[in-house]
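Here is a quick tour of a protein for someone who has not met it before. Have a look at the picture first, and then we can walk through it together.

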Amino acid sequence: MSAQTQFYLVAVPAVIILGLSKGGFSGLSSLAMPLLSLVDSPVRAAAIVLPILIVQDWVSVWAFRRDFSSRNLIILIPASMIGVALGWLLAARVSDDAVRLAVGVISIAFVVYMLIRDRLGRAPVAKPGVPTGVLWGSLAGFTSFISHSGAPPFQVYVMPQYLKPRVFAGTATIFFAAVNLLKIPPYFLLGQFSRENLTVSAGLIPVAVLSTFAGVWLVRRVSAERFYAIILALTFLIGVKLTYDAVRALA
């Protein structure tokens, strides 16, 4: 099997996962980057995925254009620039194996966070503070740059506020749409927006759009609990595999 065939056998399911996430299975996208990192450089894989995410984001921004928390966005978006800059420095100065290690650790940490979060009771409503917002916004920008997995830090900061569902979804959509735009210059400076990479992105966009509509259809028919349990298990296993391979290569 050629390397190109192997790539597409993994890339198509990964993009379908991204589409399902945008269609209603929020958080599912955390599996896409670890999956792609099994068959390609994490930085190149992230660069291929970025234009796809931007197309999906701005469709979602239109849908939630009236439902968002302006205070959260004012705090989080500038803070995310710090994390994006740190992510760029990491990707520019370390090897693919080191980045793969970061993706693996982030994947495992995401699963642990989700398991812990599901077992916590409802805490008092928190107000969006600036110091904690800078911390979690920076972490969201960093993890989003490395592996398009900025959801856990964002959720840690915003979920205790118990926003209305549409306001929460709209705030997340607009925040990550802004972060994805912020990632364009660093990825360009890393030389990852080559004609080859953009051609691959363009070819995968129809798959992403169709799977987004599929997500809207499926979210009303599939048990979310069982679905997410499977995805978390897969994310954990892939994260362990990436971490193991990276540690062996770096040893």
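Helices (H or I, at least four residues) and strands (E, at least two) are DSSP runs, numbered from the N terminus. Read that way, the elements of the protein run α-α-α-α-α-α-α-α-α-α-α from the N terminus on. That comes to 11 helices and zero strands.

A word on where this comes from: this is a predicted model, in which local features need pLDDT of at least 70, side-chain atom pairs count only at pLDDT 80 or more, and totals for chains, interfaces and linings use all residues. Residues are numbered from 1 along each chain as its sequence is written, and side-chain values use heavy atoms, with hydrogens and water left out.

**The whole protein**

Of the 251 residues, 47% count as buried (buried means under 20% relative accessible area, exposed over 50%, partly exposed in between, with a 1.4 Å probe and protein chains only). Contact here means heavy atoms within 4.5 Å. Take the contacts between residues at least 6 apart in sequence: 86% of them join residues at least 24 apart.

**Three helices and their lengths**

The expected span of a helix is 1.5 Å times one less than its number of residues. Here is how that works out for three of the helices.

| Helix | Residues in helix | Expected span | End-to-end C-alpha distance |
|---|---|---|---|
| α4 | 24 residues | 34 Å | 35 Å |
| α6 | 18 residues | 26 Å | 25 Å |
| α8 | 18 residues | 26 Å | 26 Å |

Which residues of α4 are buried? They are N72, L73, I75, L76, A79, S80, G83, V84, G87 and A91. S70 also has its place in α4, but it counts as partly exposed because its relative accessibility is 43%.

In α6, the buried set is G133, G137, S138, A140, G141, T143, S144, F145, I146 and S147. Just after α6 comes H148, which takes a positive phi of about 50°.

As for α8, its buried residues include an unbroken run of names such as G170, T171, A172 and T173, and among the others are F175, F176 and N180. The buried residues of α8 pack against α3 (42-63), α4, α6, α7 (151-158) and α9 (184-189).

**How the helices cross**

Two packed helices are described by the angle between their axes and the distance between the axes. Axes are lines fitted to C-alpha atoms, for helices over the stretch in contact, and angles run from 0 to 180 degrees between N-to-C directions.

Start with α4 (residues 70-93) and α6 (residues 130-147): their axes come within 6 Å and cross at roughly 45°. That makes α4 oblique to α6 (angles under 35 degrees count as roughly parallel, over 145 as roughly antiparallel, 65 to 115 as roughly perpendicular and the rest as oblique). The crossing of α4 past α6 is right-handed; a crossing is left-handed if the near helix is turned anticlockwise from the far one by less than a right angle, and right-handed if clockwise. Sorted by class, the contact of α4 with α6 has 14 nonpolar, seven polar and one charged residues. For that sorting, Ala, Val, Leu, Ile, Met, Phe, Trp, Tyr, Cys and Pro count as nonpolar, Asp, Glu, Lys and Arg as charged, and the others, Gly among them, as polar.

Next, α7 and α8 pack at an angle of about 135°, with their axes 12 Å apart, and are therefore oblique to each other. Their crossing is right-handed. On the α7 side the contact is made by A151, F154, Q155 and V158, and on the α8 side by F168, T171, A172, F175 and F176. These residues divide into seven nonpolar, two polar and no charged.

Then there is α3 with α8, whose axes come within 9 Å and cross at roughly 145°. Here α3 passes α8 in a left-handed crossing. Among the residues making the contact are L50, W58 and V61 of α3 and R166, I174 and L181 of α8. The class count is 10 nonpolar, three polar and two charged residues.

**Two residues to find**

How far apart are S70 and T171 in sequence and in space? They are 101 residues apart in sequence and 7.9 Å apart in space, C-alpha to C-alpha.

P152 lies in α7 and is buried, with a relative accessible area of 13%. Leaving aside residues up to four places away in sequence, P152 touches F110 and Y113. P152 and A109 are 43 residues apart in sequence and 8.9 Å apart in space, C-alpha to C-alpha.
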